[in-house]
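This report describes one chain, moving from single loop residues to a helix, a sheet and the chain as a whole. The sequence and the structure come first.

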Amino acid sequence: MLALTELGQRLRQERESKGLSLEDLQKLTKIQKRYLLGIEEGNYEVMPGKFYVRAFIKQYCEAIGLDTDAIFEEYKSDIPSTQTEDVPQQLSRVRSRKEIPQHTKGVSKAYDYLPTVLVVAGVVVVGIIIWVIAQNIVSDKNKEQANQEAPNSEVQQSNTQEETNETTAKNDNSKSEDEQSAADKKEKEKAEKEKAAKEKAEKEKAEKEKKDSGKQEYKEVQKTGRSATYALSGTDAFNLEVTSTQADTWLDVKNGKGNAFFSSILKKGETKEFDLTKETEARVNIGYSPGVELKVNGKAVDLPFDSSKQVRQVVTIQYQPAEAQ
């Protein structure tokens with residue numbers, strides 16, 4: 001294994017402090033694990049090119065919350081410059097007149113006769129167009145004469161058939177409109193019932209949360225290192241919401257027995273809800289706490305530590321139902 005550069009050591013320490021493995025970072029950045037390992041080991045030879053080295057380092061820094069410009073300035077001796085990329089010496093495909101093969105001179109002479117050929121072709125096309133127009137005129141005259149000679153009974157029969165078709169079409173359209181109107185009315189009634197049921201459920205939930213929040217008590221019990229313990233009491237419900245508003249983060253939620261409810265990446269803007277009413281304890285491990293919001297029974301609670309000083313935080317909540325008190 002190659003010796004780590006100063007930049008590689010810095011990046012690995014920041015990654016591990018956030019509780020992220022190379023597999024986790026691969027999911028966040030979409031960069032292959034072997035390239036991420038190459039960055040940490042300073043083994044840039046595995047990269048597709050020097051441009052990708054700088055691009056991959058930039059994505060690595062953004063994923064773990066580091067200032068990219070500051071890192072590039074501080075470790076510029078460890079990062080290769082893209083200005084040294086090899087540039088092909090022959091970029092133009094334009095050839096001089098001396099490079100044009102001699103056998104193409106005959107083709108140039110053929111171009112001298114091109115105007116004459118085009119004039120002849122134009123005359124032929126005009127003649128064809130005039131002939132087609134004349135044929136159409138003759139055909140129209142023949143059709144007009146045939147219509148004038150047709151018996152009046154056929155004309156009347158045709159008119160009667162057209163009127164019948166129009167009446168049938170109107171009846172069909174009227175029937176179709178009635179069916180569509182009935183379907184729309186039924187769909188509207190269904191939507192209104194669903195909306196009313198949803199509003200009722202939300203109202204009942206809000207009333208219950210409001211009722212519980214008046215009795216609910218959430219207080220700090222212990223705080224050490226990057227871990228803190230809180231006691232939740234005065235309520236018959238234990239619902240936890242975790243939202244990440246700034247960046248993707250690693251989230252691990254387990255009960256007191258170590259059974260996992262969630263252990264994966266929480267995407268930016270995503271919210272996870274957990275019903276822990278039947279549990280007596282929950283442990284919440286947050287890999288990247290900036291921008292992470294916690295709610296207990298719909299009420300926002302603060303993280304135990306300043307996220308700018310303590311990126312990874314572990315919150316343990318001990319729950320005692322009100323009826324058991």
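Lys 30 counts as exposed because its relative accessibility is 67%, above the 50% cut-off for that class. The model is a predicted one. Lys 30 sits in the loop that connects H2 and H3, and its phi is near 65°, a positive value in a residue other than glycine. Most residues other than glycine have a negative phi.

**Loop residues**

Asn 297 also has a positive phi without being a glycine; the value is near 55°. Its place is the loop between E8 and E9. Is Asn 297 buried or exposed? Asn 297 counts as buried, because its relative accessibility is 5% and the limit for burial is under 20%.

A further loop residue is Lys 18, found between H1 and H2. Lys 18 has a relative accessible area of 3% and is therefore buried. What is Lys 18 in contact with, leaving aside its neighbours within four places in sequence? The contacts of Lys 18 beyond those neighbours are Ile 64, Gly 65, Gly 287, Tyr 288, Val 311 and Arg 312. Gly 19, just after H1, takes a positive phi of about 75°.

The table lists the accessibility values of the three loop residues.

| Residue | Relative accessibility | Class |
|---|---|---|
| Lys 30 | 67% | exposed |
| Asn 297 | 5% | buried |
| Lys 18 | 3% | buried |

**Helix H1**

Helix H1 covers residues 6-17, which makes 12 residues. From its first C-alpha to its last, H1 reaches 17 Å, close to the 16 Å expected at 1.5 Å a residue. Which residues of H1 are buried? They are Leu 7, Gly 8, Leu 11 and Arg 15. These buried residues lie on the same side of H1, because they cover an arc of only 95° around the axis. An α-helix has 3.6 residues a turn, so residues three or four places apart point the same way.

Glu 6 and Gln 13 are exposed on the other side of H1. The cover over the buried residues of H1 includes four helices: H2 (22-29), H3 (33-41), H4 (50-64) and H5 (68-74).

**The sheet with E8 and E9**

Strands E8 and E9, on either side of the loop that holds Asn 297, belong to an open sheet of 4 strands. The order of the strands is E6-E3-E8-E9, and the pairing is antiparallel. At the edges are strand E6 (271-275) and strand E9 (299-301), each of which pairs on one side only. On average, neighbouring strands of this sheet are turned by 25° against each other, with direction ignored.

How many bridges join E8 to E9? Strand E8, residues 292-296, is joined to E9 by 3 bridges, and the two run antiparallel. Val 296 has Lys 299 in E9 as its bridge partner. Strands of a sheet pair through backbone hydrogen bonds.

**The chain as a whole**

The chain contains 8 helices and 10 strands. Of its 325 residues, 26% are buried; Lys 18 and Asn 297 are examples of buried residues described above. Among contacts in the chain with a separation of 6 or more, 65% come from residues 24 or more positions apart. The chain exposes about 23000 Å², of which carbon and sulfur atoms supply 49%.

Definitions and conventions: Residues are numbered from 1 along each chain as its sequence is written. This is a predicted model: local features need pLDDT of at least 70, side-chain atom pairs count only at pLDDT 80 or more; totals for chains, interfaces and linings use all residues. Side-chain values use heavy atoms; hydrogens and water are left out. Two strands pair if DSSP finds at least two bridges between them. Axes are lines fitted to C-alpha atoms, for helices over the stretch in contact, and angles run from 0 to 180 degrees between N-to-C directions. Buried means under 20% relative accessible area, exposed over 50%, partly exposed in between (1.4 Å probe, protein chains only). Contact means heavy atoms within 4.5 Å. Accessible areas come from the Shrake-Rupley method with a 1.4 Å probe; for residues, only the protein chains shown count as cover. The expected span of a helix is 1.5 Å times one less than its number of residues. The arc is that of the directions from the helix axis to the C-beta atoms.
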